Each structure stands twice: as structure tokens, then as C-alpha cells.
Amino acid sequence: MDSILITAGVIMAVIAIIEIVNVFFRLPCKKSTPAYVTVLPVFERDSFFQQRLEQLALKSGGRSRLIIVDYSASDSQLGLCRQFCRDNPDTVIISHAELEKILLKIFAIGENL
């Protein structure tokens with residue numbers, strides 16, 4: 001019984017060491033772009049949209065992978081989005097139907113079920 005516990009402890013220690021090495025020594029280079037994408041939905045009744053967009057602009061520093069999804073944006077909100085896209089080249093504005101098509105394609109939903 002003791003040999004089983006010792007073997008399990010050694011295996012757990014090896015797994016922990018592998019995780020530590022992967023987390024601390026194999027992180028992406030700080031010069032590279034982030035590996036994530038932010039999706040920002042836009043609704044007409046969103047009274048805090050301008051503040052949220054300004055907060056994203058402050059955090060991104062001009063480089064941010066952002067998808068702005070137009071659900072029911074007003075003209076002023078679309079103007080803010082277009083201005084944000086000019087300042088952030090990695091940002092795109094799409095409709096909710098386009099987002100649905102992209103997600104269906106990514107996750108292969110509806111194909112050969």
C-alpha cells in the first residue's frame with residue numbers, strides 16, 4: 001500500500017513540475033499579439049456603451065483583437081464604433097447574423113449531423 005502512495009506522489013510531483021514549466025517558461029512573447037478575441041455586443045438601449053468603448057481603448061493601446069457585433073446599434077453608436085476601428089486596426093464590425101455564421105463554421109454545427 002505504501003508503494004502505491006509513493007508512486008502516486010511521484011506522478012503528481014512530475015505533473016506539477018510540467019505545469020510549472022509550461023506556465024512560467026513557455027508564456028508567449030510580450031511583443032506578440034494576444035491570443036484572445038474580445039466580442040463587444042452593441043444594443044441601442046445601452047446607455048454605457050461609450051464608456052465601455054473608451055475603457056477598451058485605454059486598455060488596448062491601439063492593438064486589440066475586437067469584434068463589435070451590431071445587434072441594434074444607433075447611428076451615434078455606429079459612428080463611435082467606426083472611429084474606434086480607425087484607431088484600432090484589428091477591430092471589425094459585423095452583424096449578429098455574420099457572427100452566427102462564423103460560429104457555426106468554427107464549431108461545425110449543422111454539418112453532417
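Tutor: Let's start with a rule: a polar contact is a pair of N or O atoms within 3.5 Å, where, within protein, one must be able to donate a hydrogen and the other to accept it, and residues adjacent in sequence count only if both atoms are side-chain atoms. This is a predicted model, where local features need pLDDT of at least 70 and side-chain atom pairs count only at pLDDT 80 or more, while totals for chains, interfaces and linings use all residues. Residues are numbered from 1 along each chain as its sequence is written, and side-chain values use heavy atoms, with hydrogens and water left out.

Student: What does the side chain of Gln77 reach?

Tutor: The backbone nitrogen of Ser74, at 3.0 Å. That distance falls within 3.5 Å.

Student: How do you know whether Gln77 is buried or exposed?

Tutor: Buried means under 20% relative accessible area, exposed over 50%, and partly exposed in between, with a 1.4 Å probe and protein chains only. Gln77 has 5% relative accessibility, so it counts as buried. Gln77 is part of helix 3, and among the residues it touches are Val42, Phe43, Asp46 and Phe49 (contact means heavy atoms within 4.5 Å).

Student: And how does Pro89 come out, buried or exposed?

Tutor: Pro89 has a relative accessible area of 53%, so it's exposed. Pro89 is in the loop between helix 3 and strand 3. Its C-alpha atom is 8.5 Å from that of Arg65, 24 residues away along the chain. For the protein as a whole, 19% of the 113 residues are buried.

Student: Why is the pair of Phe43 and Tyr71 called what it is?

Tutor: Rings of Phe, Tyr and Trp (its six-membered ring) pair if their centres lie within 6.5 Å; planes under 30 degrees apart count as stacked, over 60 as edge-to-face and the rest as tilted. By this rule there is one aromatic pair. The ring centres of Phe43 and Tyr71 are 5.0 Å apart and the planes meet at 15°, so this pair is stacked. Phe43 lies in the loop between strand 1 and helix 2, Tyr71 in the loop between strand 2 and helix 3, so parts 28 residues apart in sequence get tied together. Both rings belong to partly exposed residues: Phe43 has a relative accessible area of 41% and Tyr71 has 38%.

Student: What makes strand 1 and strand 3 edge strands?

Tutor: Each of them pairs on one side only. Their open sheet has three strands in the order 1-2-3, with parallel pairing. Two strands pair if DSSP finds at least two bridges between them. Strand 1 and strand 2 are joined by five bridges, so they qualify. One bridge links Val39 with Ile67 of strand 2.

Student: Which strands does helix 3 touch?

Tutor: Strand 1, strand 2 and strand 3, as it packs on the sheet. Its direction makes about 145° with that of strand 3. Helix 4 packs on the sheet too, touching strand 2 and strand 3, at about 100° to strand 3. Axes here are lines fitted to C-alpha atoms, for helices over the stretch in contact, and angles run from 0 to 180 degrees between N-to-C directions.

Student: How many helices and strands does the protein have?

Tutor: Four helices and three strands, running α-β-α-β-α-β-α from the N terminus. These are DSSP runs numbered from the N terminus: helices are H or I with at least four residues, strands E with at least two.

Technical notes: Lists of a residue's contacts leave out its neighbours within four places in sequence.
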